[in-house]
Every structure is written in C-alpha cells, then in structure tokens.
Amino acid sequence: MKLESLALAAEIDSSKFNLLLLDQTLLPHEEKWIDIKSNDEMIEAIKSLRVRGAPLIGVAASLMIAKLAHAGVSRDELLVMSQMLFEARPTAVNLMNCVDRMTKVIRDNFNKEKIVDLAVQIFNEDVQLCERMSANGAELLQDGDQILTHCNTGGLATAGVGTALGVIRRAHEHGKKIHVYVDETRPLLQGGRLTSWELKKLGIPFTLITDNMAAHLMSLGKINKAIVGSDRIAVNGDFANKIGTYSVAVNCFYHRIPFYVAAPYTTVDPLCANGSFIPIEQRKREEVKGYGDLQWAPNDIEVYNPSFDVTPHQLVTEWILDKAVYFKKDIEEGVLKSC
Ligand code: MRU
C-alpha cells in the first residue's frame, strides 16, 4: 500500500514500512525527501518543523507509531515512544488527538495490523476532512475577491489539499477569479517560503507581502477577505494559530473585512473552554535574530518568541469546518462542544 501527499509518503507491506517526509526547512529552493527511520528522527523533524502544520504532524506521528509497531516494538515501549511524540509540540491539538487514538488501540487491543490500519485511516480521514472543509469554504469566496492569508495551511500542512489554502484552491479551481495576498509570516517565513511555493505550483495568482504591510493594503481597499487555519479551537470559538494571526484579525475588524478560520474537527479541543487555556509554544531566540546562517541581531540580547497567538471569537466572522460553516450564533449555542 502507498500513501502519498505533498509532504509525506509511506510505502507499507508485510515486509517493509518506509516513511518519508519532504524536508520543509529546505523549501522553496531544495525539494529533499528524508527517510524517517526512528522515533527520535520523527521527533526531531516535528520540533524543527521539517514536518509541520497541525493536521500533518498528527498524521506523521500516527504513521511513526504504526511503523514502530510494524517493526515489532513491544506494547510498553510503544506507549513510551507515543508519549514522546505527544509532547513534541504543545499547541496543535491534532497531534494529541491522533496520538490518543493510536494509544487507545495499543492499550485496548495490541495488534500490529490494527495499529497500522488506524494510522492509514487517520491519513485518509485527513484527506477527506480537507475536501469537505474546502468545499464548504469555497462557497464563501467570490469572483474578484482579494484574500489575505497567514502562515502555510495547504498541502504541506495536511495530508490533503489543506485548510484555509484548500478553500482558496477549490474556489480557484471552480473558476472564481481570486487574488491571494500572502503574509510572509515572521519569523520562520511559512508564507514566504511555503505558501508562495504551493500557490506558484498551483498557478493561483498571488502577491507576497511582509506581515506589517497588511493593514496598509486594507486601508487601500486591496484586501476584502482574510482566511487562516488553526492549531487549536476552544469551544467558545477562540482559536490559536501562527503568531501574527491575531494582528490580521484586529486589522480586519477595524477595516470591516470578513475574517474566516478554516479547520477540521480534529483541531477543536472540547476540553478547552476558551483561548486562555491553549498552551502557547515558545521557541528559540535564534529564530527571531536571523534565519539559517544569516543573523541580523546582536548576540546576547533578550528575545521573545511565542510561536502562536490566540484570536478571540469576537473577531471571527465565520468558522469553516468539515461538517458546516458556523456563525457566532452557532458557536454561542455550543456547536463546537460536539462537532
Ligand atoms: O509552526 P507551524 O508551521 O506548524 O504552524 C502552522 C500553522 O500555524 C497553521 O496555520 C496551522 O497549523 C493550521 S493549517 C493546517
């Protein structure tokens, strides 16, 4: 059996289980696939963002657990290794959801085939969730729309077409004449490096801007919608996404521009009452001081580097999920508690 997506590939039969990741730290200039052989390699890949995006890290961790089970790792060892994957990044709840599903099977019914089947099911399910969410969201986009997006939410961040970028892609494929403004997304440049790479490949018209240009463009009437993804949605509709998303939402609110969040149900955390409970990943200071070998800030300075921020539900126009598109009224009625 073969599983293939833009950034992850697996080849599985009774004698082998190959798990490959497209190293996203090297994009857009180098397209290098890495063969992940151990749990430590997968954890390193998740922490260093070689594989990234909330849904995709959940899928990758599930397949890693399946690969270990396939190789004959014992039940107890597998539970320890799963816990290490669970803790690799703290904000994206998809990772925890997927690892929880895998560990339930390991605990309740330790059987190598069942563990592999569940990981494959999680991969295929993510493809389907992207399809449904993209179809729901594409209805909201119209000819002539000029849409701002932040970070990378496409095929590189999921097993399928993506979340926010999936919506944009399907609208474009339906023949809607849209133009995308891509926030560069400081400090790790997921917009500049990854979203630009994807949109260019897809032939979707876009313009790259730095994050601090968005409000100016809004004031000039050049942006009339914004759509982003999410790493965790609380039941009151607050949500965490890549740092800078909150600024996009505030800017949209001031300029009366509709602001949408697109995510599968696997991103909703029913145990999280509001955004203040979402853990925010703090990353290394070097990421703010430079990129790769290029360092522009002096040594020995104080740096603050939260990787995500929380956008309050009051700033969201509509929540695009796989089941349906929800309005504020639906969220107030508690629809996210059981989606
Ligand atoms: O740190 P990253 O690159 O994993 O952050 C990704 C995002 O913030 C995405 O917007 C998010 O995962 C939702 S899209 C699939």
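A colleague and a modeller go through the cavities, the ligand site and the pockets of this predicted model.

Colleague: How many cavities of 30 Å³ or more are there?
Modeller: The model is predicted, so local features need pLDDT of at least 70, side-chain atom pairs count only at pLDDT 80 or more, and totals for chains, interfaces and linings use all residues. Residues are numbered from 1 along each chain as its sequence is written, and side-chain values use heavy atoms, without hydrogens and water. On a 1 Å grid over the protein atoms alone, a cavity is a set of points where a 1.4 Å probe fits but cannot get out. A search of the whole structure for cavities of 30 Å³ or more gives three.

Colleague: What is the volume of the largest cavity?
Modeller: Volume here is the space filled by probe spheres set on the grid points, which are joined across faces, edges and corners. For the largest cavity that is about 190 Å³.

Colleague: Which element gives the most to the lining of the largest cavity?
Modeller: Lining residues have an atom within 4 Å of a point. Of the 19 here, the closest to the centre are Arg-52, Gly-53, Ala-54, Asn-152 and Asp-231. Helices (H or I, at least four residues) and strands (E, at least two) are DSSP runs, numbered from the N terminus. With three residues, the top contributor is helix 2.

Colleague: How many residues of that lining of the largest cavity are charged?
Modeller: Ala, Val, Leu, Ile, Met, Phe, Trp, Tyr, Cys and Pro count as nonpolar, Asp, Glu, Lys and Arg as charged, and the others, Gly among them, as polar. The lining has seven nonpolar and eight polar residues, and the charged ones number four.

Colleague: Which helix gives the largest share of the lining of the second largest cavity?
Modeller: This cavity has a volume of about 70 Å³. Helix 2, helix 4 (93-108) and helix 5 (112-138) each supply at least two lining residues. The largest share, four residues, comes from helix 5.

Colleague: How much of the accessible area of the ligand does the protein cover?
Modeller: Within 4 Å by heavy atoms, 18 residues surround the ligand, with Arg-52, Ala-54, Arg-89, Asn-241 and Lys-242 the closest. Polar contacts are pairs of N or O atoms within 3.5 Å; within protein, one must be able to donate a hydrogen and the other to accept it, and residues adjacent in sequence count only if both atoms are side-chain atoms. Ligand oxygen atoms lie 3.0 Å from a polar backbone atom of Gly-53, 2.8 Å from a side-chain N or O atom of Arg-89 and 2.9 Å from a polar side-chain atom of Gln-190. Of the 410 Å² accessible on its own (Shrake-Rupley method, 1.4 Å probe; for residues, only the protein chains shown count as cover), the protein covers 100%.

Colleague: What volume does the largest pocket have?
Modeller: A pocket is an open set with protein on both sides within 12 Å along at least five of seven lines. Among its 19 lining residues, Ser-48, Leu-188, Arg-283, Lys-284 and Glu-287 are closest to the centre. The lining has four nonpolar, six polar and nine charged residues. The space in this pocket is about 560 Å³.

Colleague: Where does the second largest pocket lie?
Modeller: About 260 Å³ of space lies in it. Helix 4 gives the most to its lining, with five residues. Domain bounds come from an automatic or database domain assignment. Both domains give residues to the lining, so the pocket lies between domain 1 (2-130) and domain 2 (140-338).
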